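Here is a set of exercises to work through with the structure open beside you. Try each task before you read its solution.

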Amino acid sequence: MKAVLASCLLASLCAAPSHSQELRKLITLPTPSEVRSVAVCGQSGLAAALGRDGSITVFRLASAEAIIKRPAETGLRILACSPDGKLLATSKGDETVVVADLSGAALRKFAIAGQQVSDLSFSPDSSTLAVRLYEKPTQLWDVAHGTLIASLQTSFSGSGAVDFSPDGSRLATADFDTVIRIYDRSGNLKAKYAGLLLEPFAVSFMPDGKQLVVGGADSKLSFLDASDGHLLRTIPLGSDPVFAAWTLPGGNSLVSMQVDANSLKNFTFLVWNLATAKSTKMPVDFTRIVGSGIPRKDQAVIFLRDSNSSVTEWALPD
Amino acid sequence: MRLKLNRRELLEKCMSLGVVTSTAGLMPSALAEAWSNTEAVSRPPTPMDQLGPFYKRLSPAGNKMRQPGDPGMPLEVDGVIYSTRGEVIPTASLEIWQTSHVGLYDLEGYRYRATLSASTKGEYNISSVIPGHYPERRCQHVHYLVTAPGFKPLTTQLYFATDPVFEGNPDKNFAKGDAASREIVRPVTLVGDPDEIHAHVQFELVLEPL
């Protein structure tokens, strides 16, 4: 039923993965328990690891020094770190978000009435928190004042991904009603793209903020003009849905993660050269990926879980 | 012994005694129906379940998701769409999609995907096949997106009490599946001639007003 597009074989932009390439190992972080996720704190030099037991450890990435160790908190499963390296936002996936300083002293508590939190993202200036909700539109919260800025829009359901523009002036949402929406930081809808038929799962601003890349169940990368949302071009990727995509710092490449639609078990991790539309397959065990980010200028990384007691930072080629 | 009358009998008796007068010339049966509607029983909203991951818009109109010769156990689903006030919603639209009998979604086309409208009595029905087990999901399921003017969109899923994951007892073994709520795990009956047996499920849907 799910056939590879025949046209893909002829399209100049459709490229088969080329040779495998090793990731470059950077540093291993010792953790008190098995890591659920790692949140990069912008380019502050810090990253926070959330354990499956609900503990949080904040590391200096340069030295792997654990500067903060928060005790286990049962049920904690979502973590975001502010780009300025001063705040942690956490949720148990219920109707509450807690914003605390690194030591764990709660500063703000957001009550998301009747709606379950599925993910958290800080704006680049750390002032706004995007709260993605289970089957409901994303909300924007003012971190300093603890107030709701806006509930965003969908025709139904929620968002598969959100991303702030590099300058923080806009937010893009990949919504399950198949629409890509672009907002200003006050939550005013500025543009949208409604040309998708299937659900999008990924959206990412290019480093210059002028374009968006979108991936989803249609097994394509779609590039949109970030000012008005119109479609610029697509790269067909065969038959595997794209469930994650993000652009790398230089603006010349991006990462896509795809999964075989039939088995949902065979994952592919690709780094794309956008000038040539050629991809390089990375030998990554998807089940070990616990985080990603850009912790240093011009360097994107992923974090792979090694064991129950460590996680390692690996540099991606750009 | 206390006399018990149903609505129609009570209305007929009242009209014959002049206690109730139908100024519009309505028959007692019509008045009884109107009375029933005003006394509609409130209903809890249908529990929400996740939309994705393979919703596809612009599904073709129609209720025949199963085509002649399709493998798998034929399935008929019907139901009525209500408001939480218990009134039928005659203006609802439904989008329904599922996997094939072997658990595969059609991402290229629109097999086992349909858009339909409820009847003026709020009724809908579809013909399909029992969906297969989808990778990474424990339960067989059918997706619903139901919309109607003045009501919150409902995303939910229909599950089957006969799903092997429940081991014959969905009350006891509900946690072994991955349905969002026990209420959307529906009983399945086998109906039809011996040569044309199909599964039948009744699945009522209840929407919340905006």
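## Exercise 1: The interface

Between chain B and chain A there are eight residue pairs in polar contact, with both residues at pLDDT 80 or more. That confidence threshold matters here, as this is a predicted model.

Task: work out how many residues each chain brings to the contact, how much area is buried, and which three residues of chain B supply the greatest part of the area that chain B buries.

Solution, step by step:

1. Begin with the residues: chain B gives 25 to the contact and chain A gives 26.
2. Turn to the area. The two chains bury about 2200 Å² between them, and 66% of that lies on carbon and sulfur atoms.
3. Now look at single residues. R57(B), L107(B) and E108(B) supply 25% of the area that chain B buries against chain A, more than any other three residues.
4. Sort the residues of chain B that touch chain A by character: 14 are nonpolar, four are polar and seven are charged.
5. Finally, search for salt bridges across this interface, with the cut-off of 4 Å between side-chain nitrogen and carboxyl oxygen. The rule finds zero between chain B and chain A.

## Exercise 2: A salt bridge within chain A

Task: find which residue meets R52(A) in a salt bridge, and say where the two partners sit.

Solution, step by step:

1. Over all chains, the whole structure holds 18 salt bridges.
2. In one of these, the side chain of R52(A) meets that of E34(A), with 3.5 Å from N to O.
3. Place the partners: R52(A) belongs to the loop between β3 (46-51) and β4 (56-60) of chain A, and E34(A) to the loop between β1 (24-30) and β2 (35-40) of chain A.
4. The two residues are 18 residues apart, and the pair links distant parts of the chain.

## Exercise 3: Two open sheets in chain A

Task: give the strand order of the sheet that holds β23 and β24 of chain A, and explain why β22 and β25 of chain A each have one side without a neighbour.

Solution, step by step:

1. The order is β22-β23-β24-β25 (chain A), an open sheet of four strands with antiparallel pairing.
2. β22 (242-247) and β25 (278-282) of chain A are at the edges with a single partner strand each, so one side of each has no neighbour in the sheet.
3. On average, neighbouring strands of this sheet are turned by 25° against each other, direction ignored.
4. Look inside the sheet: seven bridges pair β23 (residues 253-259) with β24 (residues 267-273) of chain A in the antiparallel sense. Q258(A) stands opposite T268(A) in β24(A).

Now take another open sheet of chain A. Its four strands follow the order β1-β28-β27-β26 (chain A), with antiparallel pairing. The edges are β1 and β26 (289-296) of chain A, each pairing on one side only. Here neighbouring strands are turned by 30° on average, direction ignored. Six bridges pair β27 (residues 299-307) with β28 (residues 310-315) of chain A, and R305(A) stands opposite V311(A) in β28(A).

## Exercise 4: Parallel or antiparallel in chain B?

Task: decide whether β9 of chain B runs parallel or antiparallel to β1 and to β8 of chain B.

Solution, step by step:

1. β1 (residues 74-83) and β9 (residues 198-202) of chain B run parallel and are joined by four bridges. L75(B) has A199(B) as its bridge partner in β9(B).
2. β8 (residues 189-191) of chain B runs antiparallel to β9(B), with three bridges between them. V191(B) stands opposite H198(B) in β9(B).
3. β8(B) and β9(B) form a hairpin with six residues between them, and G192(B) in the turn has a positive phi of about 105°.

## Exercise 5: Unusual backbone angles

Task: say what is uncommon about E135(A) and about the peptide bond from G52(B) to P53(B).

Solution, step by step:

1. Recall the background: most residues other than glycine have a negative phi, and most peptide bonds are trans.
2. E135(A) is not a glycine, yet has a positive phi of about 60°. E135(A) lies in the loop between β11 and β12 (136-142) of chain A.
3. The peptide bond from G52(B) to P53(B) is cis, with omega near 15°. P53(B) is in the loop between α2 (28-38) and β1 of chain B.

Terms used:
Residues numbered from 1 in each chain as written. Chains lettered and ligands numbered in written order. Predicted model: local features only at pLDDT ≥ 70, side-chain atom pairs only at ≥ 80, totals over all residues. Heavy atoms only, no water. Pairing = 2+ DSSP bridges. Axes fitted to C-alpha atoms, helices over the stretch in contact; angles between N-to-C directions. Contact = heavy atoms within 4.5 Å. Buried area = accessible area lost by both parts, 1.4 Å probe. Polar contact = N/O pair within 3.5 Å; in protein donor to acceptor, adjacent residues only side chain to side chain. Nonpolar A, V, L, I, M, F, W, Y, C, P; charged D, E, K, R; others polar.
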